[in-house]
Amino acid sequence: MGSTATAKIVALPMVDKHADPEPVAVEVKASAAQMSAAEIPVPEPEPIPTVSLTKVFLGLLGYVTRERMITALLACISIGALFLFWYLGTKYRLEFYIRFKNVPTPYEVYQQLTLVGLSNKYLFNIAISVRRILLGFMIATIIGVPLGLAIGKYERVRDFFMPVVEIMRPIPAIAWVPMSIMLWPNNEASIVFITFIGAFFPILLNTIHGVHSLDGVLVRAARCLGASEIRLFMNVILPGSLPHIFTGLAVGMGVAWVSLIAAEMISGQFGVGYFTWEAYSLVDYPAIVLGMITIGVLGLACSGIIRMVGVLLMPWLAFAPGGRR
Amino acid sequence: MSMTMAETEVSKGFIDVRDMGVTFGANDNKVVAVDNVSLNVQPGEFVSLIGPSGCGKSTLLSIVAGFVKPTRGEALLDGKAITKPGSDRGVVFQQYSLFPWLSVRKNVEFGLKMAGVEQSKRNTTARALLDLAGLLSFENHYPDQLSGGMKQRIGIVRALATSPQVLLMDEPFGALDTQTRVVMQEILTNIWQQFRISVLFITHDIEESIFLSDRIYVMTARPGRIKAVIKVPLPRPRTAEMTDTPEFMNLVQELKGLIREESLAAMAPEIKDRGLSGFGMKVGPKGVGEIF
């Protein structure tokens, strides 16, 4: 850190005052020589930036943790309020248009969790649902992102695909259930297909939007720097659309869960949706709520993972105007 | 031996624009952006193109860059017709146009990466150029962490990284504040002095064009034609103090006179077309009164 700071100080006046038309390589050597010369008389150039950096870092850390504490506190309050409402509703058997008569208490659901929570059946259902989500979502991503990039970039590709997309898009994934059962050889494939349909359109449309919102000057700049068509795609259009693609992935994941649960409830064997619907058929009320909470937590975990991958893959967004979305 | 070396170097980077005409739209919506323009930039020369806004100077640069095809005439680089963008012409845009997802160093490396240069060599070149721009300590920052002046310095060295024969600059300092602008002009003359490549520089700032250029082409209001070519006899290297000399002031006056006519014409083409007193202070309340 200390040495790079010195390099900058040496470099700046050189650029301003240097007049001789010398090649760059010579310039760099000269700066290196001046740099080492400059470091000899100054005994300790290191600690100064380090100390200030540490201070800045600590200050930043303090600021962040305080912000985070408030965030965490508000989150606890809002979830706590939900549970409190549920608890009071079931405790006093609230009947004010909505009826809490048959709703299980939080404690009953907790008991159900301890009873069933570690059973193989429950965990197996979760595993099945997660596998379906991952398959459907992955296929949707693998097809949706490249297709979206191509549609966004090329007018002819757009003209060819968009009419079909526009017709298919308003059909909700649940409406695909009967057709899907007819179409696919087995139950598992048809459920994965419905999950795919749910995730596909948000991913596709957001990717197209990402390409369209990419600043044209960046494409022109890349062309001037000698980027071929394929390299333009890989080095400019894809990274430039990435923020929108991740918006699409997050939305797509949400819709994928909605579609999956609906499909499992209607046509399923196994899965969290099936677990919940089965509990209703068997008049096992606490299991219904357990199923619902399981779906909520799994959905949260999935979008959390997507957000985390997004942060890791797009570190520059932390500095973008407006900060992180 | 060294003579021939020098000759081959100097003979590269010759921009020749011949009888250029650009028309946008068709029939009723037809707009003649550029009309019958011929200009050239000699190898190693710094040439500015100055004119009122909307006179087609950016269109001309887009043609030389290879983004736009002319309706008439042709643009040549070293005798070869320009048909598409390429790394033999470095372009610096008014909008900073750095890739926000790449670090500063990776931005400078971009052109070399596209040319298939290996990582270690890219790294060395990029660091040398960043050192030249005084931004080596920011090599791992993202563009969004930097000020406008810093971004544009990176934009310039990024365009130079692939060793182009010419540098095309489209109002590169237009978005900067006056103080930064002046410093950037000095930095640019220094960089140009070291690289000695041909520059075609678009601006509407008179002082800027004089300070930087060997020659200045003045364009008319739309349709853009070449109104005058001014040679700038100021010695090199240019310094900030030169802007106070009488020679500099005289050139400013001369150019101001030329541009003023065109700016007025650009602002009030309707008035000019109706045959009223089109120029200077005569276009005032009286002129408007005649219309109503």
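These are my notebook entries on a predicted model, written down as I looked things up.

**Entry 1: chain B as a whole**

I began with an overview of chain B. Its secondary structure comes to 10 helices and 10 strands. The chain has 292 residues, and buried ones make up 53% of them. I then looked at contacts with a separation of 6 or more in chain B, and residues 24 or more positions apart account for 67% of these. The exposed area of chain B is about 13200 Å², with carbon and sulfur atoms supplying 53% of it.

**Entry 2: a strand with two partners**

Next I followed strand S1 of chain B, residues 15-24. How many bridges join S1 to S2 in chain B? I noted 7, with S2 covering residues 31-41 and the two strands running antiparallel. To see one pairing for myself, I picked B:Met20, whose bridge partner in S2(B) is B:Val37.

The hairpin of S1(B) and S2(B) has 6 residues between the strands. In this hairpin, B:Gly25 takes a positive phi near 75°.

S1(B) also pairs with strand S4 of chain B, residues 72-77. Here I wrote down 5 bridges, and these strands run antiparallel too. For an example to find on screen, B:Val17 stands opposite B:Ala75 in S4(B).

**Entry 3: salt bridges in chain B**

My next search was for salt bridges, and the structure holds 22 of them over all chains. I opened two in chain B.

One of them joins B:Glu139 and B:Arg127, with the closest N and O atoms 2.4 Å apart. Where do B:Glu139 and B:Arg127 lie? B:Glu139 is in the loop between helix H4 (119-132) and helix H5 (148-160) of chain B, while B:Arg127 is in helix H4. The two are 12 residues apart, and the pair links distant parts of the chain. I also checked how covered each one is. B:Glu139 counts as buried because its relative accessibility is 9%, under the 20% limit. B:Arg127 is partly exposed, with a relative accessible area of 32%.

Another salt bridge connects B:Glu208 with B:Arg181, and here the closest N and O atoms are 3.4 Å apart. B:Glu208 lies in helix H7 (residues 206-212) and B:Arg181 in helix H6 (residues 178-195) of chain B, so this pair ties together parts that are 27 residues apart in sequence. Are these two partners buried or exposed? B:Glu208 is buried at 2% relative accessibility, and B:Arg181 is buried at 12%.

I noticed that some salt bridges share partners: B:Arg105, B:Glu109, B:Arg122, B:Arg127 and B:Glu139 are joined this way into one network.

**Entry 4: a salt bridge in chain A**

I moved to chain A and found a salt bridge between the side chains of A:Glu229 and A:Lys153, at 3.4 Å from N to O. A:Glu229 is in helix H10 (residues 229-267) and A:Lys153 in helix H5 (residues 120-153) of chain A. They are 76 residues apart, and the pair links distant parts of the chain. A:Glu229 counts as partly exposed at 32% relative accessibility, as does A:Lys153 at 25%.

**Entry 5: looking around A:Val192**

I picked A:Val192, which sits in helix H8 (residues 187-212) of chain A. Is A:Val192 buried or exposed? Its relative accessibility is 12%, so it counts as buried. Leaving out residues up to four places away in sequence, I saw that A:Val192 touches A:Arg132, A:Leu135, A:Gly136 and A:Ile139. I also looked up A:Ser129, which is 63 residues from A:Val192 along the chain; their C-alpha atoms are separated by 9.6 Å.

**Entry 6: a nonpolar patch**

Which residues form a nonpolar patch on the surface? I listed A:Phe85, A:Leu94, A:Phe96, A:Tyr97 and A:Ile98, with about 640 Å² of accessible area together. I took a second look at A:Leu94, which lies in the loop between helix H3 (47-91) and strand S1 (95-96) of chain A. At 34% relative accessibility, A:Leu94 is partly exposed.

**Entry 7: cysteines**

Last, I looked for disulfides. A search of the whole structure finds 0 over all chains. I still checked two cysteines of chain A: A:Cys76 is exposed at 56% relative accessibility, whereas A:Cys224 is buried at 4%.

Definitions and conventions. Residues numbered from 1 in each chain as written. Chains lettered and ligands numbered in written order. Predicted model: local features only at pLDDT ≥ 70, side-chain atom pairs only at ≥ 80, totals over all residues. Heavy atoms only, no water. Helix = DSSP H or I, 4+ residues; strand = E, 2+ residues; numbered from the N terminus. Buried < 20%, exposed > 50% of the residue type's maximum accessible area, 1.4 Å probe, protein only. Contact = heavy atoms within 4.5 Å. Patch = residues over 30% accessible without salt bridge, like charges linked within 9 Å, V, L, I, M, F, W, Y side chains within 5 Å. Areas by Shrake-Rupley, 256 points an atom, 1.4 Å probe, with all protein chains shown as cover. Salt bridge = Lys/Arg side-chain N within 4 Å of Asp/Glu carboxyl O. Pairing = 2+ DSSP bridges. Disulfide = S-S within 2.5 Å.
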